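Dear colleague,

I am handing over the structure below, together with an account of what was found in it. Please keep it open while you read, since the notes go from place to place in the chain.

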Amino acid sequence: SEATGPLGSLKVTPLLTLESYLRQWVIGLWLAEHNLPVDTRYIEEIERLAGTPNKKLSVGGKLVMNEAGSLWAPLEAPQFEENLVLGEKLPIPALGGYLKSSIIKEKKSPFSPLKSPRQVAFDADRLHLGLKVRPWRLGDKFRPFGLQGSVKIGDLFTNLKIPTPLREHWPLVMDGDVIIWVVGLRRGSLAPMSNKTANVLYMEYTGDMIPSGISNSMEPAKH
């Protein structure tokens with residue numbers, strides 16, 4: 001529905017346009033979907049929460065929050081680590097999109113320069129190509145392309161206003177133990193393209209993972 005967002009969140013704006021009885025009905029369905037108690041008191045409290053951004057509410061001992069224009073129910077942290085197979089789509093089910101990768105001969109590549117942070121290109125011969133995808137973990141750091149030193153990915157999320165509940169589901173592409181791409185946000189410094197590049201590893205994320213209003217702030221920093 002129009003009111004449903006990433007990770008089963010509930011968008012506040014369409015919710016608040018409903019008549020109160022319909023709004024409470026939708027909230028009740030949403031609570032049941034997330035195995036939270038469907039109780040009149042909680043439904044009314046969440047209805048009030050929808051009108052108060054950046055607030056939290058305990059529902060049956062679990063926190064529901066209003067952040068980035070949506071209501072978020074608590075979810076288990078994902079525990080996945082997937083191989084990124086060239087030429088195949090890798091679904092990211094929690095976020096509703098997928099990753100796709102391919103190797104392209106440099107002279108045939110139409111992808112330089114890349115216009116979107118959802119697309120990245122690497123010198124394939126400077127990677128191990130045993131690439132894996134896993135979610136962000138607290139304390140993760142990487143070296144962003146174009147910057148000196150390393151950056152905490154948690155700080156990157158904060159700077160780009162990524163909603164807190166989305167963060168632990170956010171996919172990272174790994175080359176061994178090195179984070180080479182915070183998907184859709186920033187490319188790492190490993191394996192940059194050069195005039196000696198013969199083979200390009202091209203990756204793209206497709207999907208509606210990123211809430212509206214964030215995309216314009218995700219253009220790579222100019223230094």
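**What was found**

His34 has a relative accessibility of 13%, and because buried means under 20%, His34 counts as buried. Please bear in mind that this is a predicted model. His34 lies in the loop that runs between helix H2 (20-33) and helix H3 (40-49), and, leaving aside residues up to four places away in sequence, His34 touches Leu7, Gly8, Ala73 and Leu75.

For the chain as a whole, the secondary structure comes to five helices and 15 strands. Buried residues make up 44% of the 223 residues, and, among contacts with a separation of 6 or more, 63% are between residues 24 or more positions apart.

**Helix H3**

The helix that follows the loop of His34 deserves a closer look. At its N-terminal end, H3 is capped by Asp39, of which a side-chain oxygen lies 2.8 Å from the backbone nitrogen of Arg41. The charged end of Arg41, in turn, sits over the ring of Tyr42, at 4.5 Å from the centre of that ring.

Which residues of H3 are buried? They are Tyr42, Ile43, Ile46, Glu47 and Leu49, and because they cover an arc of only 160° around the axis, they lie on the same side of H3. An α-helix has 3.6 residues a turn, so residues three or four places apart point the same way. Thr40 and Arg48, on the other side of H3, are exposed, while the cover over the buried residues of H3 includes H2, strand E2 (55-59), strand E3 (62-67) and strand E4 (70-72).

**Aromatic pairs**

The structure holds two aromatic pairs. In one of them, Trp136 and Phe157 meet edge-to-face, with 5.4 Å from centre to centre and 80° between the planes. Trp136 lies in the loop between strand E9 (131-135) and strand E10 (141-142), whereas Phe157 belongs to helix H4 (residues 153-159), so this pair ties together parts that are 21 residues apart in sequence. Both Trp136 and Phe157 are buried.

The rings of Phe157 and Trp170 have their centres 5.8 Å apart and their planes at 50°, so this pair is tilted. It links distant parts of the chain, with Phe157 in helix H4 and Trp170 in the loop between helix H5 (164-167) and strand E12 (171-175), 13 residues apart. Phe157 has a relative accessible area of 0% and is buried, and Trp170 is likewise buried, with a relative accessible area of 0%. Through these ring pairs, Trp136, Phe157 and Trp170 are linked into a cluster.

Elsewhere, the charged end of Arg187 sits over the ring of Phe145, 5.0 Å from its centre.

**Nonpolar cores**

In soluble globular proteins, nonpolar side chains tend to be buried together. Here the largest nonpolar core has 36 residues, of which Leu99, Val173, Trp181, Val182 and Met203 touch the most other members. The elements that give two or more residues to this core are strand E6 (89-92), strand E8 (119-123), E9, H4, E12, strand E13 (178-182) and strand E15 (199-206), and the largest share, four residues, comes from E13. Another core, of 18 residues, lies apart from it and has Leu10, Leu57, Leu71 and Ala73 among its members. Ala73 is also one of the residues that His34 touches.

With kind regards

Definitions and conventions
Residues numbered from 1 in each chain as written. Predicted model: local features only at pLDDT ≥ 70, side-chain atom pairs only at ≥ 80, totals over all residues. Heavy atoms only, no water. Buried < 20%, exposed > 50% of the residue type's maximum accessible area, 1.4 Å probe, protein only. Contact = heavy atoms within 4.5 Å. Phe/Tyr/Trp six-rings, centres within 6.5 Å; stacked < 30°, edge-to-face > 60°. Lys NZ or Arg CZ within 6 Å of the ring centre and 35° of its normal. Core = buried A, V, L, I, M, F, W, Y, C linked by side-chain atoms within 4.5 Å. Arc of directions from axis to C-beta. Polar contact = N/O pair within 3.5 Å; in protein donor to acceptor, adjacent residues only side chain to side chain.
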